[in-house]
Amino acid sequence: MTTTHHLPAGKAAADVYAVDVTPESAGWGHSSLRVLELPAGGWHAFDTGDSEWIVLPLSGGCTVAVGGDTFRLAGRESVFSGVSDFAYVPRDAQVSIASSEGGRFALTGARCTRRLPARYGPASSVPVELRGTGSCSRQVNNFGAAGVFECDKLIAVEVITPGGNWSSFPPHKHDEHRPGEESELEEVYYFEFAAHEGTPGLGYQRVSPSGHGAHTDVLAEVRDGDVVLIPDGWHGPSMAVPGHDMYYLNVMAGPGDDRAWLICDHPDHAWIRDTWPERPVDPRLPLYTAPERS
């Protein structure tokens, strides 16, 4: 197994970012992820360059200023406490993020060609999806999904898996351009875990070669702040150990003209989807729902 695609917490840190995955550092062409930690009263500015970005609070709130717009993000206590609002900022812009109380903020990015307007995304507009049933049950917060929120190239979602469950299952891939069937998308997984009585959580991530691209092959124990890079391959399962809910943030982008998440299930395990209607969704889900529109 190669471990070059598994970046334990701290290994992807650079400059002011606790995580700084760029196309250059990942060795691919499109997807980016940064995690910014600000103290109370902290402030940070950055140029968006050739990429569009969504600023998503992981914990705490902030203001996001870009051009003549300022967006106030209420944020949340943690990724396990609720859906967050967010801000979209376009390429070729200067952005400043400030937090009076401090917090941690994900910057999900993708190289793009169109310059779309900066916008606020309310938490109430985020579709919360329950995907799978039984031990494959998980919750997906589709804040930046294709067809939900307009971007040029960026696709980003949050997944919460109750302790003991498997998600990203059946294993699937999106490493070929097959019109109407499969998209070519690079993907970043960023992990956080709910602790139990002070004991940190953990999980496991599998990526197996699909016969395309770099033949990515990963079996990794993942913990808070870890990153797994998936340029190609069958990814899944993502396994949450019993007693510890697992969160991961997915960031995807690719070279295709269409912004779409089209996947192909692993032929050995695709049958599992057919069993889902026969089983109930895990009663622990949803962990929370989006707030009602005001």
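The predicted model holds 19 salt bridges. Among them is the contact between Glu192 and Arg104, whose side chains meet at 2.8 Å, N to O. Glu192 belongs to strand 18 (residues 186-193), and Arg104 belongs to strand 9 (residues 103-111). The two residues are 88 residues apart in sequence, so this salt bridge ties together distant stretches of the chain. The partners differ in burial class. Glu192 has a relative accessibility of 9% and counts as buried, because the limit for that class is under 20%. Arg104, at 21%, counts as partly exposed.

A salt bridge also joins Asp152 and Arg114. Their closest N and O atoms are 3.1 Å apart. Asp152 sits in the loop between strand 12 and strand 13. Arg114 sits in the loop between strand 9 and strand 10 (119-121). The pair therefore ties together parts that are 38 residues apart in sequence. Asp152 is buried, at 9% relative accessible area. Arg114 is partly exposed, at 39%.

Asp265 and Arg273 form another of the salt bridges, at 2.6 Å from N to O. Asp265 counts as buried, with 17% relative accessibility. Arg273 is partly exposed, with a relative accessible area of 28%. Salt bridges also link residues into a network. Its members are Lys173, Asp175, Glu176, Arg178, Glu181 and Glu182.

Lys173 has a further contact, with an aromatic ring. This lysine lies over the face of Trp234, at 5.7 Å from the ring centre. Arg119 is placed in a similar way: it lies over the face of Tyr88, at 4.5 Å from the ring centre.

Tyr88 leads to the aromatic residues. Together with Phe86, Phe143 and Phe149, Tyr88 forms one aromatic cluster. Across the whole structure, a search finds ten aromatic pairs. One of them consists of Phe86 and Phe149. Their ring centres are 5.0 Å apart, and their planes meet at 75°, an edge-to-face arrangement. This pair links distant parts of the chain, 63 residues apart. Phe86 lies in strand 7 (residues 86-89). Phe149 lies in the loop between strand 12 (138-144) and strand 13 (155-161). Phe86 is buried, with a relative accessible area of 1%. Phe149 is buried too, with 11%.

The rings of Phe191 and Phe193 are arranged in another way. Their centres are 6.2 Å apart and their planes stand at 5°, so the pair is stacked. The cut-off explains the label: planes under 30 degrees apart count as stacked. Phe191 is buried, at 0% relative accessibility. Phe193 is also buried, at 5%.

Several of the strands named above belong to an open sheet. This sheet has seven strands in the order 1-21-18-23-13-12-11, and the pairing is antiparallel. Strand 1 (6-7) and strand 11 (128-131) stand at the edges. Each has a single partner strand, so one side of each is left without a neighbour in the sheet.

The pairing can be followed inward from strand 11. Strand 11 pairs with strand 12 over four bridges, in the antiparallel sense. Here Glu129 has Val140 of strand 12 as its bridge partner. Strand 12 is in turn joined to strand 13 by four bridges, and these two strands run antiparallel. In this pairing, Gly144 is matched with Ala156 of strand 13. Strand 13 then pairs with strand 23 (residues 246-253) over seven bridges, again antiparallel. The bridge partner of Thr161 in strand 23 is Met246.

Strand 13 is mostly covered, with seven of its seven residues buried. In a regular strand the side chains alternate between the two faces of the sheet. In strand 13, Ile155, Val157, Val159 and Thr161 point one way. Ala156, Glu158 and Ile160 point the other way. Residues of both sets are buried.

Note on methods: Residues are numbered from 1 along each chain as its sequence is written. This is a predicted model: local features need pLDDT of at least 70, side-chain atom pairs count only at pLDDT 80 or more; totals for chains, interfaces and linings use all residues. Side-chain values use heavy atoms; hydrogens and water are left out. Rings of Phe, Tyr and Trp (its six-membered ring) pair if their centres lie within 6.5 Å; planes under 30 degrees apart count as stacked, over 60 as edge-to-face and the rest as tilted. Buried means under 20% relative accessible area, exposed over 50%, partly exposed in between (1.4 Å probe, protein chains only). A charge sits over a ring if NZ of Lys or CZ of Arg is within 6 Å of the ring centre and within 35 degrees of the ring normal. Two strands pair if DSSP finds at least two bridges between them. A salt bridge is a side-chain nitrogen of Lys or Arg within 4 Å of a carboxyl oxygen of Asp or Glu.
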